Amino acid sequence: MTILIATEKPFAAAAVNGMKEIARKAGHEIRLLEKYDSPEKLIDAVADADALIVRSDKVTAKVIEAARNLKIVVRAGAGYDNIDLEACTARKIVAMNTPGQNANAVAELAVAMMIFMSRNQFTPGTGSEIKGKKLGIQAYGNVGKLVAQKAKCLGMEVYAFDPYVAAEKMEADGVKPAASLEDMYRTCNFISLHIPATPETRKSIGYDLVTLLPAGGCLMNTARKEVINEAELDKALTDRPDIKYITDIAADNQAELNEKFGKRVFATPKKMGAETAEANINAGLAAASQIVDFFATGNTKFQVNKW
Ligand code: 3PG
C-alpha cells in the first residue's frame, strides 16, 4: 500500500525515519509531501494514496474526492476538525486521530505561557509568580490533565471544568472541580483552554466569560482559534484593561489585537504546541502503526467517524 505523509508543517526527521521504517517492515511504501504551498499540491499527491497521514493539514471534500484509492486517513495529533469527516464517511474511509501522543508538548507550552505572561513577556519590569495562583482548566482531557499535574508541582491551585469528566476523577488528581464554567472564570487568575473545535464550542469564549476573570486575569489558548469569539474578545480586552490573552493560534484579527493591546496579548508566530521532536515521534509513529495495524488486522480502535 502507498501511505502519503502530507505535512505543510513537517515532522522532525527522526519521526519521518521511524514512520518509514514501520511502513517498510510491513511491506508498505511511504511518500512525502512536505511544506506544500497550495491545496492543489495535496490534491495531486493524494491521487494514488491508500492511506494518508496529516497534521493540521486540511483534508477537504475535494481532497477526499481526488483520493480514489484512499481507505484511511490519520490525523497525527488530537484535534481532527481539519478533516471533512462526512466526506470520509460517505466513501467509507476510516478517519483516526492519535489521542494523547502530543499532549505533553502542548501542556509544557501552556505552562511556559503562564510564566511568560507573568513576567511581562520577558521584558524589564516587575512581574509576578505563578506559585499560589489559581489556574482553571477548561476541558480535562489528555492535555488538561497534564497541565494540571505540572501546575500543581509549581505550587498552583488547580480547578477544572469538564461536563464529560466526573468530579471524583478530578478530585483523585488533587484538582478542584469547578461548580460551573462561569465560577471557574470568576475564580481563576489563569484559564487554559483545552476544548476541541466543534459546532458547540465554536465562538463559545466571548465577552461574558472573559470579563468574569479577576483583576489581572489571563486567558491562554493552546486549543483552537475557532473557539474564541474574536470580536467579543477585542471588546473584553478594551473594557477590561487589566486582562491578558496569549494564544498558540493567532486570531484572524491578531494584528489588530497586537496593535491595540500591546504586551497584554501575544500569539506564537506559528502553532508550536506540538512542535517537539518527542511529540512528532510519538504522534507520527502512532499514526504509522495504526495504519499498518488497520491494513493487517482491520483494527479501528482510534476511528473518529462511525457508520
Ligand atoms: C493537535 O490537535 O494535535 C494539536 O493542535 C497539534 O497540531 P499540529 O500537529 O498541527 O501541530
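What follows is a conversation about how some labels on this predicted model were assigned.

Modeller: A word on the ground rules: this is a predicted model in which local features need pLDDT of at least 70 and side-chain atom pairs count only at pLDDT 80 or more, while totals for chains, interfaces and linings use all residues. Residues are numbered from 1 along each chain as its sequence is written, and side-chain values use heavy atoms, with hydrogens and water left out.

Colleague: Happy with that. Why is Leu-233 called buried?

Modeller: Buried means under 20% relative accessible area, exposed means over 50%, and partly exposed is in between, with a 1.4 Å probe and protein chains only. Leu-233 has a relative accessible area of 2%, so the label is buried. Leu-233 sits in helix α10, residues 230–239; helices are DSSP runs of H or I with at least four residues, strands are runs of E with at least two, and both are numbered from the N terminus.

Colleague: What does Leu-233 touch, and how is a contact decided?

Modeller: Contact means heavy atoms within 4.5 Å. Not counting residues up to four places away in sequence, Leu-233 touches Val-210, Leu-219, Ile-228, Tyr-245 and Leu-257. Tyr-207 is 26 residues from Leu-233 in sequence, and their C-alpha atoms are 5.8 Å apart in space.

Colleague: Why does Arg-240 count as buried?

Modeller: Its relative accessibility is 18%, and the cut-off for buried is under 20%, so Arg-240 counts as buried. Arg-240 lies in the loop between α10 and β11 (244–247).

Colleague: What makes the pair Arg-240 and Leu-213 a polar contact?

Modeller: A polar contact is a pair of N or O atoms within 3.5 Å; within protein, one must be able to donate a hydrogen and the other to accept it, and residues adjacent in sequence count only if both atoms are side-chain atoms. The side chain of Arg-240 reaches the backbone oxygen of Leu-213 at 2.9 Å, so the distance fits the cut-off.

Colleague: Which backbone oxygen does the side chain of Ser-118 reach?

Modeller: That of Met-114, at 2.7 Å. Ser-118 lies in helix α5 (residues 103–118) and is buried, with a relative accessible area of 6%.

Colleague: Why is Leu-154 called partly exposed?

Modeller: Its relative accessibility is 37%, which falls between the 20% and 50% cut-offs, so Leu-154 counts as partly exposed. Lys-92, at 52%, counts as exposed, because exposed means over 50%.

Colleague: What makes the group with Leu-154 a patch?

Modeller: Patches are made of residues with over 30% relative accessible area and no salt bridge (a side-chain nitrogen of Lys or Arg within 4 Å of a carboxyl oxygen of Asp or Glu). Like charges are joined within 9 Å, and nonpolar side chains (Val, Leu, Ile, Met, Phe, Trp, Tyr) within 5 Å. Ile-115, Phe-122 and Leu-154 make a nonpolar surface patch of about 290 Å²; accessible areas come from the Shrake-Rupley method with a 1.4 Å probe, and for residues only the protein chains shown count as cover.

Colleague: How do you know that β6 and β7 pair?

Modeller: Two strands pair if DSSP finds at least two bridges between them. Strand β6 (residues 134–138) and β7 have 5 bridges in the parallel sense, so they pair. Ile-137, for example, has Ala-160 in β7 as bridge partner.

Colleague: What order do the strands take in the sheet, and why are β8 and β12 edges?

Modeller: The open sheet has 7 strands in the order β8-β7-β6-β9-β10-β11-β12, with parallel pairing. β8 (176–177) and β12 (265–267) each have a single partner strand, so one side of each is left without a neighbour in the sheet.
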